[in-house]
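The exercises below go from the whole chain to one pair of helices, and each is followed by a worked solution. Please look through the sequence and the model before you begin.

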Amino acid sequence: MRTPTPESSCDVSADRDTTGRRKRTQPISSGKRVTPQDRDLLWFRKIHEHGPLPSSFLLQYAKDTHRSEKRAKERLTDLFNEDNTPHGGPYLARPPQQFRTIDSRYNQLIYDLTPAGEKALKSAGFWSERSAARSGPWLHGFMVSCITASVELAALDRNNIEFIPQSQLLERADAELRFPTRITDLATKRQYEKNLIPDALFGLKYQTSEGSRYRCFLVEADRATEPATSKNFNRKSWQRSLLQYEQYVGRGLYREHLKLKSPMLVLSVVTDPKRLDQVLRIVPRYAPTIQSLLLFQSWEDFGPVFRPPRPNTELLGRAWERAEISSFRIDQA
């Protein structure tokens with residue numbers, strides 16, 4: 001029996017795990033030629049529109065065109081590993097942050113675009129400068145991606161609701177997703193000018209017996225990393241955000257900014273029901289005129305113990321809570 005040399009042992013361990021499979025954390029090309037197909041471009045587009053997405057989301061997007069989940073997962077693996085492509089490298093990356101969790105090897109994989117994936121989208125004419133561009137902590141941006149993609153996937157299963165992505169709305173308005181607001185500290189009466197930068201924007205088109213109707217939505221994802229209230233207006237807090245939305249939505253400033261006639265609602269997703277109660281208590285004080293337009297749900301998958309979630313169709317199909325008034329369903333026109 002041949003005894004492996006130290007060099008050969010290192011080579012194997014660098015490329016493969018203990019079962020002989022390629023490692024999940026780094027691409028290992030076999031030399032196989034990979035050219036983007038229609039399904040691949042669909043995946044690239046959805047990642048570009050929303051941000052990094054788990055494999056379960058990508059498989060759900062392709063369920064009506066390719067019914068073999070096993071083959072789809074194998075294709076995702078090729079798009080991650082193989083660098084023999086027309087665009088100079090692998091098309092998909094696996095963000096390293098997903099592997100910094102307990103038992104990450106048992107989690108589904110999360111994918112993002114590489115420069116080669118971006119080139120493929122641009123050459124196919126699917127690139128938009130106004131698609132999702134997340135800033136700040138990676139996990140926060142990933143949560144936002146899962147929120148908007150969950151709503152779109154749920155809408156795809158309805159024959160009367162169409163999802164309108166952020167890029168389409170911003171391109172139509174020739175605008176960026178930021179707006180300067182002037183707010184007043186209720187305690188000191190001092191005024192501040194702060195940019196309002198929602199986490200995301202999307203629209204829904206409803207087909208009704210009376211024709212098409214529209215609503216637009218701003219998204220806030222909360223992982224309890226900022227305080228509910230703060231005396232320091234230079235620090236982001238729910239207090240400051242509510243005052244800003246009171247101006248931007250309550251006074252209809254979004255209509256000129258985004259060139260919209262449709263109503264605007266704010267969807268806030270938090271990771272803990274207790275946090276939800278805390279925020280709901282301060283809404284009447286800081287955003288009294290738009291209580292009916294501020295909608296809340298909790299999604300505990302993004303709490304202290306992180307695990308990549310599956311699509312949350314309840315974001316469309318379940319009622320959203322509001323402060324001091326009855327809940328509201330966004331799947332009904």
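**Exercise 1.** Find how much surface the protein exposes, and what share of it carbon and sulfur atoms supply.

*Solution.* In this predicted model, the protein exposes about 17,000 Å², and 46% of that area is supplied by carbon and sulfur atoms. Turning from the surface to the residues, 51% of the 333 residues of the protein count as buried.

**Exercise 2.** Describe the overall build of the protein, and decide how its radius of gyration stands against the globule rule.

*Solution.* Begin with the secondary structure, which comes to eleven helices and ten strands. The radius of gyration is 22 Å, close to the 20 Å that the globule rule gives for 333 residues, so the protein is as compact as a globular protein of that length. Taken along the principal axes, the box filled by the C-alpha atoms is roughly 80 × 45 × 30 Å. Finally, among contacts with a separation of 6 or more, 66% are between residues 24 or more positions apart.

**Exercise 3.** Work out how helix 2 and helix 5 pack, and which residues make the contact.

*Solution.* Helix 2 covers residues 38–50 and helix 5 covers residues 115–123, and they pack at an angle of about 105° with their axes 10 Å apart. Because angles of 65 to 115 degrees count as roughly perpendicular, helix 2 is roughly perpendicular to helix 5. Helix 2 contributes Leu41, Phe44, Arg45 and His48 to the contact, while helix 5 contributes Gly117, Ala120 and Leu121. Sorted by class, this contact has four nonpolar, two polar and one charged residues.

Terms used
Residues numbered from 1 in each chain as written. Predicted model: local features only at pLDDT ≥ 70, side-chain atom pairs only at ≥ 80, totals over all residues. Heavy atoms only, no water. Axes fitted to C-alpha atoms, helices over the stretch in contact; angles between N-to-C directions. Helix = DSSP H or I, 4+ residues; strand = E, 2+ residues; numbered from the N terminus. Parallel < 35°, antiparallel > 145°, perpendicular 65-115°, else oblique. Contact = heavy atoms within 4.5 Å. Nonpolar A, V, L, I, M, F, W, Y, C, P; charged D, E, K, R; others polar. Rg over C-alpha atoms; globule rule 2.2 N^0.38 Å. Buried < 20%, exposed > 50% of the residue type's maximum accessible area, 1.4 Å probe, protein only. Areas by Shrake-Rupley, 256 points an atom, 1.4 Å probe, with all protein chains shown as cover.
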